[in-house]
There are 2 protein chains.
Amino acid sequence: MPAEKRQLNLNLFIYPGGHHEAGWRYKDSAPERVLDIAYYQELAKKAEASKFDALFFADGPALADNIRYASRFRLEPLTWISALAAVTERIGFIATASTTYNEPYNLARLFASVDHLSGGRAGWNIVTTGDASAALNFGFDRHPTHADRYERASEFVDVVTKLWDSWEDAALIADRQSGIFADTDKIHPINHIGKYHRVKGPLTLPRSPQGRPVYVQAGSSQDGRSFASRYAEAIFTAHQTLGNAQEFYADIKARVKSVGRNPDHVKVLPGISPFIGSTEAEARALHDEFNELTQPEYSLHQLRRIVDADLSSYDLDGPFPRELIRIEGERGASSRFHVVLDIIERENPTIRQLLHRLAGARGHWVQAGTPEQITDKIQEWFDNGAADGFNIMPPYLQGGFDIFAEEVVPLLRKRGLFRHDYDGATLRDHFGLPRPENTFSRPHRLSHLRIGHSTSKRYANT
Amino acid sequence: MPAEKRQLNLNLFIYPGGHHEAGWRYKDSAPERVLDIAYYQELAKKAEASKFDALFFADGPALADNIRYASRFRLEPLTWISALAAVTERIGFIATASTTYNEPYNLARLFASVDHLSGGRAGWNIVTTGDASAALNFGFDRHPTHADRYERASEFVDVVTKLWDSWEDAALIADRQSGIFADTDKIHPINHIGKYHRVKGPLTLPRSPQGRPVYVQAGSSQDGRSFASRYAEAIFTAHQTLGNAQEFYADIKARVKSVGRNPDHVKVLPGISPFIGSTEAEARALHDEFNELTQPEYSLHQLRRIVDADLSSYDLDGPFPRELIRIEGERGASSRFHVVLDIIERENPTIRQLLHRLAGARGHWVQAGTPEQITDKIQEWFDNGAADGFNIMPPYLQGGFDIFAEEVVPLLRKRGLFRHDYDGATLRDHFGLPRPENTFSRPHRLSHLRIGHSTSKRYANT
């Protein structure tokens, strides 16, 4: 039997109205179902029938300020994925949650619970929250700086990692005869005392099937890359060109290696938003049809959030006024800013052209083509050190996913790039990631995890 | 057609190993399934088949310190009920969550999401958390006092109520033609600035099917009763005698009336833990069998938590040393303390007798009898101003619920006391509660809700 060929990992990124900003207006979309759990249950079952690795869910703890023109809200991801896990058996669920606007003890409980109730299918997309308005929903005077948020995030991940390890695997006994329900020698307070958090522990429930959720990360700033190299097991990233994606891929894998981790255990997954037609012309026409549905007031607002410049008084069909853009300084979506800057410098677009470029998937890679062409592009990135897989971002739902599942997935399979069926039961199995050892089960050697503030003294049972 | 007879409301209170502290050791229990979501899905479907109003879930953000001898942990309730809502259609779900150890914005999002994904079946058991050790999981130096917790709880409920109203019902439009997704004139910041919370809002998602979850409350202290009279739509309470239950029922209904609310819209639901046999002797033997399985080390520990006295050096079969009990002062479970004090004064038990009295359901009403006898007791309380319904607390699961569903429910129906089928779709429908008006939709008159800190000025859109 030949050695198994390296396989793609594919997530379906659920955006309620579809990823194109005008996707909800497309005739085959279903904006009236954005709050209907059955709609998402259908999608989850379809993605599972296509043997996708996971569904991916974005989140932010503040309402978008441009909800007037676009489908920009969603259910709360942890409760949402619990209701989807209940009607599926194998597909994973990656939920975004903020380290800036959650208490680690509460978030640890939520994710442990989801990992239990899904039988080990939970992933956590770790974000520090880019939207500064969130601060005002949590009694903060202002949104913490990028550096502060990442510093807090590191400590946060340290705390929840210890909480998820606070019950050793063998702690739950439930032996009727002896009357021992739990072996309390195997349940440990974590006694964390750090700069941002003081958490005693242990967690309220036993270690979960995967040990802990798969750690996913999506920031591509320098802080983000550094964070990802230490913690992430999968990275969701936005690139517009093979070259940029290769640079990012090589940089991340090198950073991961440099901290002593296995680069194969960090999956790099760019986003791709595919417009699929039976001919290239048909695909382009479809893309154009979506762009016709965009609303400049909305698009300009979105652009302003990324580049921090108001273009509403400019001619949309005139050249983009590059002099308005401030390069230096703090910004929320810093990695996305550089994607936009790169488009401007490479393509020299009019304002409208830039708006249409970004309307597809908020800076992610938009491709219009035949199923063969989309498959070729995916394979090109996969075979040339740019991706281990992709987050698929359909421009509209459900049809935008259906056509990918029906037309592209079979081609990927024919080329031996994607599974015909699941091999394992957990998200870690799908991603080929090991189940982490429990730090408390290994008292005699140092943790391989570089988590701050951990000392064996603090691990002592008190 | 005759006027419809007043109907019981029945909740099934899910305690993973059953409510009797040794229930998990009983031969027909399933302690190996306490983390198996399918186990709870089976229970939810059974309770729905019996047309129960809701399942009820306790919670606390700290691990119980006596997990060695008893099944004292559980999944996180909001994710848990999401996975149960997905496989049921009508039954409600009441999840406990703390106002002391949550951020109102996060909790508002979680419950709104559950109410959406369940189609309007969410209830919130509002607690301030009695277990002082929770403080150490959240960076607090100490657990806030009872009075401080209730003060924070009032403000917290005020905040989340406004968040749940922050989208008017008609705010979501999703009109493809005009391109208007949401009517932002109907989405309001709440601009709350209080003693404990500063929250700008609006919430991240539209108003939920029930407007907000049903507000449930369980404290019976003076602070608890005062809080309940202002906010609660259902009250879960513990009483050992008809007289005490009547006193509580009358007091609550009078308090509710005095603040201008309709007493019929506040359901008083005592707990009952039934041991059911085909003869009274058989039921008593079953109860004895459970008590034989108790472990004094655990039972004494539980008792110490309530009465704050260490009895481990006393003869279990000697009289209860009443002089050890301190009556005055602050305590976590103050309402439960008075239940225990009352048992001691009425029954003058030995220590072991008291432990067995409390082993059944932590101070709730334990009844052993035939289905007829249990039905008689329920009807006696229901007909005599002591209860609008009950939280059913099976001593073990699943059999302890099955026998209630098969033997007692049909008798209640025969007597015209309990529904043959659901009339409505939401938990509010089952409880006969109105869907609350949205405070933001009524700018020209004062809210009937007595929520603190609300001024029309703060409601202004900014």
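B:D169 counts as partly exposed, at 44% relative accessibility, in what is a predicted model. Its side chain meets that of B:R207 in a salt bridge, with 2.9 Å from N to O. B:D169 lies in the loop between α4 (146–165) and β5 of chain B and B:R207 in the loop between β8 and β9 (214–217), so the salt bridge ties together parts that are 38 residues apart in sequence. B:R207, at 7% relative accessibility, counts as buried. Over all chains, the structure holds 56 salt bridges. The points below turn to further salt bridges, to helix α1 of chain A and to the interface of the two chains.

**Salt bridges within the chains**

- In chain B, B:R284 and B:E280 form a salt bridge whose closest N and O atoms are 3.0 Å apart.
- Both residues belong to helix α7 (residues 280–292) of chain B, where they are four residues apart, about one turn of the helix.
- B:R284 is partly exposed, with a relative accessible area of 46%, and B:E280 also counts as partly exposed, at 31% relative accessibility.
- In chain A, A:D165, A:D169, A:R207 and A:R435 are joined into one network by salt bridges that share partners.
- A further salt bridge in chain A brings together the side chains of A:D421 and A:K51, at 3.4 Å from N to O.
- This pair links distant parts of the chain, 370 residues apart: A:D421 is in the loop between α12 and α13 (427–431), and A:K51 is in the loop between α1 and β2.
- A:D421 has 42% relative accessibility and therefore counts as partly exposed.

**Helix α1 of chain A**

- Helix α1 of chain A covers residues 37–49, which makes 13 residues.
- From its first C-alpha to its last, the helix reaches 18 Å, close to the 18 Å expected at 1.5 Å a residue.
- At the N-terminal end, A:D36 acts as a cap, with a side-chain oxygen 2.9 Å from the backbone nitrogen of A:A38.
- Just after the helix, A:K51 takes a positive phi of about 65°.
- The buried residues of α1(A) are A:I37, A:Y39, A:Y40, A:Q41, A:L43, A:A44, A:A47 and A:E48.
- The cover over these buried residues includes β1 (9–14), β2 (54–57), α2 (77–85), β3 (92–98) and α12 (399–414) of chain A, together with α3 of chain B.

**The interface between chain B and chain A**

- Chain B and chain A each bring 76 residues to the contact.
- About 6000 Å² is buried between the two chains, and carbon and sulfur atoms give 60% of that area.
- On the side of chain B, the residues that lose the most area to chain A are B:R68, B:R176 and B:F181, which together account for 13% of what that side buries.
- Four salt bridges are counted between chain B and chain A.
- B:D141 and A:R198 form a salt bridge, with their closest N and O atoms 3.1 Å apart.
- Across the interface, 34 residue pairs are in polar contact, both residues being at pLDDT 80 or more.
- Elements of chain B that each supply at least two residues to the side touching chain A are α1 (37–49), α2 (77–85), α3 (104–117), β5 (172–175), β6 (180–182) and β8 (198–199).
- Helix α3 of chain B gives the most to that side, with eight residues.
- By class, the side of chain B that touches chain A has 41 nonpolar, 19 polar and 16 charged residues.

Key:
Residues numbered from 1 in each chain as written. Chains lettered and ligands numbered in written order. Predicted model: local features only at pLDDT ≥ 70, side-chain atom pairs only at ≥ 80, totals over all residues. Heavy atoms only, no water. Contact = heavy atoms within 4.5 Å. Buried area = accessible area lost by both parts, 1.4 Å probe. Polar contact = N/O pair within 3.5 Å; in protein donor to acceptor, adjacent residues only side chain to side chain. Nonpolar A, V, L, I, M, F, W, Y, C, P; charged D, E, K, R; others polar. Expected span 1.5 Å × (residues − 1). Buried < 20%, exposed > 50% of the residue type's maximum accessible area, 1.4 Å probe, protein only.
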